[in-house]
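Thanks for asking me to look over this one. Here are my notes, written as short points to read with the model open beside you.

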Amino acid sequence: MTISNFKLHMAHFKLKNSSTILLFRHQFSTFKKRKISAFSAVILSLFLLASPLTLLSQDRVLFMNEGRLWETLNLSKIGPTFSNWARSGYGMDYPGYEPDWIPSHTGEAPSHHVGGGFWIGALNDSGYVKGREDFAIYAGSVGYESTSKYIASVNRFKYPDKTNYFQQLSSNEGELSAETIFQWNPNYLDPYTIKRYLPIKVTRNVHQWVTHEIDQDYIIIDYTIKNVGDSTMHKTYVMFLYGFSINARGWSVVFPGYNSGARNNRMAWDNTNRMMYGYAADFPEVTGNQSYDFDAKSGPDQTGEYLAPAYAGLKFLYISPDSSGRVNRINKYGWAASHPTQASIPFTNKNSVELEYAVLRDPYQATDAITFMGDSRWQSSRIWTMVSLGPWDLAPGDSIRIAVAEVVGCVDYKIVVDPTTTSTQIAKGKQILVNLAKRAQDNFDTKYNIPDPPAAPSEITLSHLSEKQVGNVIKWSDAGESIPDADYTGDEAFDLYGYRVYRSSYLPIGPWDTIGVVLKSDPNFFDSMTNQYTYIDTNVTMGAAYYYAVTAFDAGHASWLPNPSLYPTGVPSQESSKYVNMTTRSFRTGLRASEDLSKVIVVPNPFVIASGWTTPGDEDLIQFINVPSPCVIRIYTVRGEVVKEIHHTEDIGTATWDQVTEWGQYVESGVYIYYIESKSPTSKGKTLVGKFSIIR
């Protein structure tokens, strides 16, 4: 290893294991004070650097990004690291996607909160505050290191690599299931503060059904909190605290001149469903009505899109009986305004644990608490939501259980991007939220066993039809047909009835159109020799870019064997999620590469203002059709100046240019000359010269 490589390796090591390095520095200073020999110091240092890696082998952060609702699981909190309301990672991202899936900027990803979880506090035998802990905002007391206040022993996905998709391994856990355990460290001592602690062990189990079209939009988080100390934790309160910001994409596009963190959110409490929820309302500081973050310049045709159309909620599924003996009791709930520019939280200027504990007991004691629905800070401030539970008296060994569901409800994306849609239609997402919250409750009550869709193809492949015919060829395997439904036996378990083929011409998240239905083993589509299905999409436009997905569906069942009473009239047809195999990179329609340069055309020609393509990033594309591959395309001004050189190597007869020069600038209106030179073995050296024009 070279010196430069060694430095790079160590920099990477320090970045991943910063707390280990800090521990090493502390120990090394101790070596110097004790005058240990240099050789001994080196040996002990290597041991210290090596041994913590065993503890650090588990992830500090888990990312749930396989279904339509994405979330971050930190060691003790939910969501990304809080950074003054700026989006710093997944936080109920809906619909989840990575920004680099889209070739042009469409705003930030659609996160619906900047962090959440719970705070907990309790009194000691003398009636004084025993301690309080933050497992929601900064949550810095949990780590793998022996110096942590709370030591994590487990933080993992229970079924990695999609092994529980379609509940193949366990019918009583989510397809995506994560487990986290951390516990009070009795050897912890912070020399700078009074030693206050809560001797608790927290077990967190998280479940999501990512392959289910109708059950993928909620995540169940199941907590168990146990007193592992030797004295009673009196009047224990648990307060769930979330920084909802609905949502980062809409706020960043519609209100770019304002700081991060949506200030147009309206929150509410649904007492019937024990759910805190919110949505993006109008922002009075800006002229006009921007409810649900409507942007007139977004959408497939830049004619309008609601960028924050969803309702986001936190549903309480189960709460252990508190000191009153009542199960599922909510103590109090409330909200607090956050400063428009500073990172204020409900505990800002609460300079003692007694004052912080008072907030856990009564959210109205929070800093900048909002105490009535007519408060002027609604729709003008960033809002913290708080739900207080308890109290409990936890004797040594006692536990409480609290299960919640993060839920997002939204109307179909076709409605969201329809320029004729009104805010009243978008508001129907609230009822969808309530319906999903009820499904989450049913799921929890049945111990996480719900009707399953059949197994969708794990992936699909795309290709072009031929050199002379335009068509996009979608292929997939029949492997999913051999995966049985875990709730049934015999032939009934193999219940896949057919497939639906979907296409989007806007974003990889939709809106989706059903372009075909393929029944199981249909000889018009299925090749028994290769065990593959082939669907050819010919209703396409040359040069247009598309996204595809294939789902699987069954024909329903006469009853649901695990609990027939839940479906007295039979189980309806179940369909898999598009997220199982949807393409995240657009596929451009075109002919296969051609060797006949005389057939080359440029579209659009002339280019007038915009290309007409609806896929973001394609608005300025000029396309060269029927080119060979590989080839080189050089673009010149009429004066012979080089504008751009394009090296086309894709297995398609279409090359594209975004009108950006070699110097990173957009070209001006005018006439341009193109020169194409084939590098293909069968037409190598052949050339073509032509011209096109651009009018802006």
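**Notes on salt bridges and the domain 1 and domain 2 interface**

1. Arg132 has a relative accessible area of 23%, so it counts as partly exposed. Please keep in mind as you read on that this is a predicted model.

2. Which residue does Arg132 pair with? Its salt-bridge partner is Glu356, and the closest N and O atoms of the two lie 2.3 Å apart. Arg132 belongs to strand 5 (residues 129-135) and Glu356 to helix 6 (residues 353-361), so this salt bridge ties together parts of the chain that are 224 residues apart in sequence. Glu356 has a relative accessible area of 9% and is therefore buried, whereas Arg132 is partly exposed.

3. For context, searching the whole structure gives 24 salt bridges. Another that I would look at joins the side chains of Arg503 and Asp537, with an N to O distance of 2.8 Å. Since Arg503 sits in strand 23 (residues 496-504) and Asp537 in strand 26 (residues 532-537), the pair connects parts that are 34 residues apart in sequence. Are these two residues buried or exposed? Both Arg503 and Asp537 are buried.

4. Now to the domains. The domain assignment splits the protein into domain 1 (61-446), domain 2 (461-588) and domain 3 (597-694). Taken over C-alpha atoms, the centres of domain 1 and domain 2 are 34 Å apart. The contact between them involves 31 residues of domain 1 and 23 residues of domain 2.

5. How much area is buried between domain 1 and domain 2? The figure is about 2,100 Å², with carbon and sulfur atoms giving 63% of it. On the domain 1 side, the residues that lose the most area to domain 2 are Trp101, Glu213 and Tyr413, which together account for 29% of what that side buries.

6. The interface has a polar part as well. Between domain 1 and domain 2 the count is three salt bridges, and eight residue pairs are in polar contact across the interface. Sorted by class, the domain 1 side that touches domain 2 is made up of 12 nonpolar, 11 polar and eight charged residues.

7. Glu213 deserves a second look: it is among the residues of domain 1 that lose the most area to domain 2, and its side chain meets that of Lys578 in a salt bridge (3.7 Å, N to O). This pair links distant parts of the chain, 365 residues apart: Glu213 is in the loop between strand 9 and strand 10 (218-227), and Lys578 is in the loop between strand 27 (545-554) and strand 28 (587-588). Glu213 and Lys578 are both buried, and they are linked with Arg68 and Asp217 in a network of salt bridges.

8. Asp100 and Arg585 form a further salt bridge, and here the closest N and O atoms are 4.0 Å apart. The cut-off is within 4 Å, so I would read this pair with the limit in mind.

9. Finally, a word on Gln208, which is part of strand 9 (residues 200-208). Why does Gln208 count as buried? Its relative accessibility is 0%, and buried means under 20%. Leaving out residues up to four places away in sequence, Gln208 touches Met64, Leu69, Gly174, Glu175, Leu176, Gln216, Tyr218 and Ile219.

Methods
Residues are numbered from 1 along each chain as its sequence is written. This is a predicted model: local features need pLDDT of at least 70, side-chain atom pairs count only at pLDDT 80 or more; totals for chains, interfaces and linings use all residues. Side-chain values use heavy atoms; hydrogens and water are left out. Domain bounds come from an automatic or database domain assignment. Contact means heavy atoms within 4.5 Å. Buried area is the accessible area (1.4 Å probe) that two parts lose on being put together, summed over both. A polar contact is a pair of N or O atoms within 3.5 Å; within protein, one must be able to donate a hydrogen and the other to accept it, and residues adjacent in sequence count only if both atoms are side-chain atoms. Ala, Val, Leu, Ile, Met, Phe, Trp, Tyr, Cys and Pro count as nonpolar, Asp, Glu, Lys and Arg as charged, and the others, Gly among them, as polar. Helices (H or I, at least four residues) and strands (E, at least two) are DSSP runs, numbered from the N terminus. Buried means under 20% relative accessible area, exposed over 50%, partly exposed in between (1.4 Å probe, protein chains only).
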